[in-house]
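The exercises below are meant to be worked through with the sequence and the 3D structure at hand. Each task is followed by a solution that goes step by step.

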Amino acid sequence: MKASFWHQKWENNQIGFHESDVNPLLVKHIDQLNLAEGSRIFLPLCGKTLDMAWLLDKGYQIVGAELSELAIQQLFAEFDIEPQISEVGKLKCYQAEGLDIFVGDIFDLSAEQLGKVDAIYDRAALVALPPETRKHYTQHLINLTESAPQLLLCFEYDQSLMSGPPFSIVGEEVHAHYDQSYDVQQLESTPMEGGFKGTIATLDTVWLLNPTA
């Protein structure tokens with residue numbers, strides 16, 4: 001799946017994946033990460049999610065990575081914040097108090113550029129990636145963050161009924177990607193009201209990943 005696919009989605013405002021409210025599963029399960037106030041949370045492929053504003057209000061620091069610069073321009077406009085913008089290698093970094101967003105290809109982001117993070121919140125990253133990219137992504141995420149604890153939200157549905165994204169990620173795949181670095185625990189598996197497209201039965205699944213080392 002090429003970068004142009006996502007750029008076109010944002011340019012055409014085809015962003016059905018952007019939730020109009022804070023994700024209730026984040027609100028329900030954030031405490032499972034046992035984070036102190038001021039902890040720095042990494043949101044990969046963050047878009048302009050309202051989850052960031054909620055986390056900032058809870059006293060956390062946020063660092064994100066997003067391919068679309070348009071999404072991040074909209075994010076700061078909606079926050080009514082004027083960011084400081086700098087070049088960081090192949091990426092741009094939009095910054096404000098408690099908020100750092102790297103704009104560009106997440107695979108161009110290094111651990112040194114990212115800095116220390118205390119946890120990962122992956123709501124829409126793993127499920128946005130095609131199967132051939134997911135192993136590369138999960139290993140990159142582990143290396144970027146030194147296996148930081150992770151709250152991972154996925155979907156499960158019959159992939160033959162919809163091509164994705166978002167893609168179906170079953171439990172066996174979560175374990176295959178992360179078992180070598182984490183203790184992987186499923187916190188919740190709940191039917192999505194209405195499913196995808198109103199017809200495709202879908203489960204919302206929530207995973208807690210705690211580093212084993």
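**Exercise 1. Describe the charges and the overall build of the protein.**

Task: State how far apart the mean positions of the positive and negative charges are, and then find whether the protein is as compact as a globular protein of its length.

Solution. The protein carries 13 positive and 31 negative charges, and the mean positions of these two groups are 5 Å apart. It should be kept in mind throughout that the model is predicted. Turning to the fold, the secondary structure comprises seven helices and nine strands. The radius of gyration is 16 Å, whereas the globule rule gives 17 Å for 213 residues, and because these values are close, the protein is as compact as a globular protein of that length. The C-alpha trace spans about 45 × 45 × 30 Å along the principal axes, and 50% of the 213 residues count as buried. As for the surface, the accessible area comes to about 10500 Å², with 47% of it belonging to carbon and sulfur atoms. Finally, when contacts between residues at least 6 apart in sequence are considered, 66% of them join residues at least 24 apart.

**Exercise 2. Compare three salt bridges.**

Task: The structure holds seven salt bridges; for the pairs K28 and E188, R40 and D100, and K116 and D118, work out where the partners lie and whether they are buried or exposed.

Solution. Step one concerns K28 and E188, whose side chains meet in a salt bridge with an N to O distance of 3.0 Å. K28 belongs to helix α2 (residues 24-29) and E188 to strand β8 (residues 182-191), and the pair links distant parts of the chain, 160 residues apart. K28 counts as exposed because its relative accessibility is 55%, over the 50% cut-off, while E188 counts as buried because its value of 13% is under 20%.

Step two concerns R40 and D100, in which the closest N and O atoms are 3.1 Å apart. R40 lies in strand β1 (residues 40-44) and D100 in strand β5 (residues 99-103), so this salt bridge ties together parts that are 60 residues apart in sequence. R40 is buried, with a relative accessible area of 13%, and D100 is buried as well, with a relative accessible area of 16%.

Step three concerns K116 and D118, which form a salt bridge at 2.7 Å, N to O. K116 counts as exposed at 64% relative accessibility, whereas D118, at 27%, is partly exposed.

**Exercise 3. Examine a buried acidic residue without a salt bridge.**

Task: Determine which side chain of opposite charge is nearest to D204, and list the contacts of D204 beyond its neighbours in sequence.

Solution. D204 is found in strand β9 (residues 203-211). It is buried yet has no salt bridge, and the nearest side chain of opposite charge is that of R123, 8.3 Å away. Because a salt bridge requires the nitrogen and oxygen to be within 4 Å, R123 at 8.3 Å does not qualify as a partner for D204. Beyond four places in sequence, D204 is in contact with L25, C154, F155, E188, S189, T190 and M192. Among these contacts is E188, the residue that forms the salt bridge with K28.

**Exercise 4. Place L153 in its surroundings.**

Task: Find the strand that holds L153, and establish whether L153 is buried or exposed.

Solution. L153 sits in strand β7 (residues 150-156), and with 5% relative accessibility it counts as buried. Leaving out residues up to four places away in sequence, L153 touches N23, L25, Y121, D122, R123, V127, T205 and V206. The C-alpha atom of L153 is separated by 9.6 Å from that of I169, which is 16 residues away along the chain.

Conventions
Residues are numbered from 1 along each chain as its sequence is written. This is a predicted model: local features need pLDDT of at least 70, side-chain atom pairs count only at pLDDT 80 or more; totals for chains, interfaces and linings use all residues. Side-chain values use heavy atoms; hydrogens and water are left out. Helices (H or I, at least four residues) and strands (E, at least two) are DSSP runs, numbered from the N terminus. The radius of gyration is taken over C-alpha atoms; the globule rule is 2.2 Å times the number of residues to the power 0.38. Buried means under 20% relative accessible area, exposed over 50%, partly exposed in between (1.4 Å probe, protein chains only). Contact means heavy atoms within 4.5 Å. Accessible areas come from the Shrake-Rupley method with a 1.4 Å probe; for residues, only the protein chains shown count as cover. Lys and Arg count as positive and Asp and Glu as negative; His and the chain ends are not counted. The place of a charge is taken as NZ of Lys, CZ of Arg, CG of Asp or CD of Glu.
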